[in-house]
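Work through the following exercises with the sequence and the 3D view open beside you. Try each task before you read its solution.

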Amino acid sequence: MTHVLVVDDDPVIADLVAFRLGRLGFTVSVETDGQAGLAAARQLRPDLVVLDWMMPRMNGLEVCAALRADPDERLARTPVLLLTSKAQEPDLERGFAAGATDYVVKPFSPRELTTRVTAVLRVSA
């Protein structure tokens, strides 16, 4: 079963994403800050991480870069979808430079999010 880790400090967004991905049959885990998200990724080894950018303790770019630098090769290659309100072109560049696989801007359509999650997982399989 495909496991997705959602890391977002906004419980409404985290619950919405978890609900939508759960309806697709994914196992979903949720963390509410970057540091806890990184620890969960190392422990759970998910198939995909949906990651907010602006979070307490460790932001999404820091988490993404830490995942890419992880000595565990499987974890270092785990796809990361950034889910953020940062919508300017330089933000996208920073997100991809940190190692994001894809990028979705808030506010987002749940359908767009699930479509992108499915596409990222298909390409990374």
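Both K106 and D8 are buried, where buried means under 20% relative accessible area, exposed over 50%, and partly exposed in between (1.4 Å probe, protein chains only). The model is a predicted one, in which local features need pLDDT of at least 70 and side-chain atom pairs count only at pLDDT 80 or more, while totals for chains, interfaces and linings use all residues. Residues are numbered from 1 along each chain as its sequence is written, and side-chain values use heavy atoms, with hydrogens and water left out.

**Exercise 1. Find which residues form a network of salt bridges, and say where in the chain they lie.**

Step 1. Start from the definition: a salt bridge is a side-chain nitrogen of Lys or Arg within 4 Å of a carboxyl oxygen of Asp or Glu. Side chains of opposite charge can pair when their charged atoms come close. The structure holds nine such salt bridges.

Step 2. Take K106 and D8, whose side chains meet in a salt bridge at 3.0 Å, N to O. This pair links distant parts of the chain, 98 residues apart, since K106 is in the loop between strand 5 (102-105) and helix 6 (110-124), and D8 is in the loop between strand 1 (3-7) and helix 1 (11-23). Helices (H or I, at least four residues) and strands (E, at least two) are DSSP runs, numbered from the N terminus.

Step 3. Now look at D52 and K106, whose side chains also meet in a salt bridge, at 3.3 Å from N to O. Here too distant parts of the chain are linked, with D52 in strand 3 (residues 48-52) and K106 in the loop between strand 5 and helix 6, 54 residues apart.

Step 4. Check the surroundings: D52 is buried, with a relative accessible area of 4%, and K106 is buried as well, with 18%.

Step 5. Put the pairs together: D8, D52 and K106 are linked in a network of salt bridges.

**Exercise 2. How far apart in helix 6 are E112 and R116, and are they buried or partly exposed?**

Step 1. E112 forms a salt bridge with R116, and their closest N and O atoms are 2.9 Å apart.

Step 2. Count along the chain: the two are four residues apart in helix 6, and therefore they are separated by about one helical turn.

Step 3. Read the accessibilities: E112 counts as partly exposed at 32%, and R116 is partly exposed with a relative accessible area of 28%.

**Exercise 3. Locate the cis peptide bond and describe two residues with positive phi, R45 and R57.**

Step 1. A cis peptide bond joins K106 and P107, with omega at about -5°. P107 is placed in the loop between strand 5 and helix 6.

Step 2. R45 has a positive phi of about 50° although it is not a glycine. R45 sits in the loop between helix 2 (34-44) and strand 3, and at 33% relative accessibility R45 counts as partly exposed.

Step 3. R57, also a residue other than glycine, has a positive phi near 70°. R57 lies in the loop between strand 3 and helix 3 (60-68), and R57 is exposed, with a relative accessible area of 60%.

**Exercise 4. Which residues line the largest pocket, and what does T78 touch?**

Step 1. On a 1 Å grid over the protein atoms alone, a pocket is an open set of points where a 1.4 Å probe fits, with protein on both sides within 12 Å along at least five of seven lines, and lining residues have an atom within 4 Å of a point.

Step 2. The lining of the largest pocket consists of T2, F26, P46, D47, R74, R77, T78, P79, L121, S124 and A125.

Step 3. Turn to T78, which is found in the loop between helix 4 (73-76) and strand 4 (80-84). T78 is buried, with a relative accessible area of 3%.

Step 4. Leaving aside its neighbours within four places in sequence, T78 is in contact (heavy atoms within 4.5 Å) with P46, D47, L48, V49 and R68.
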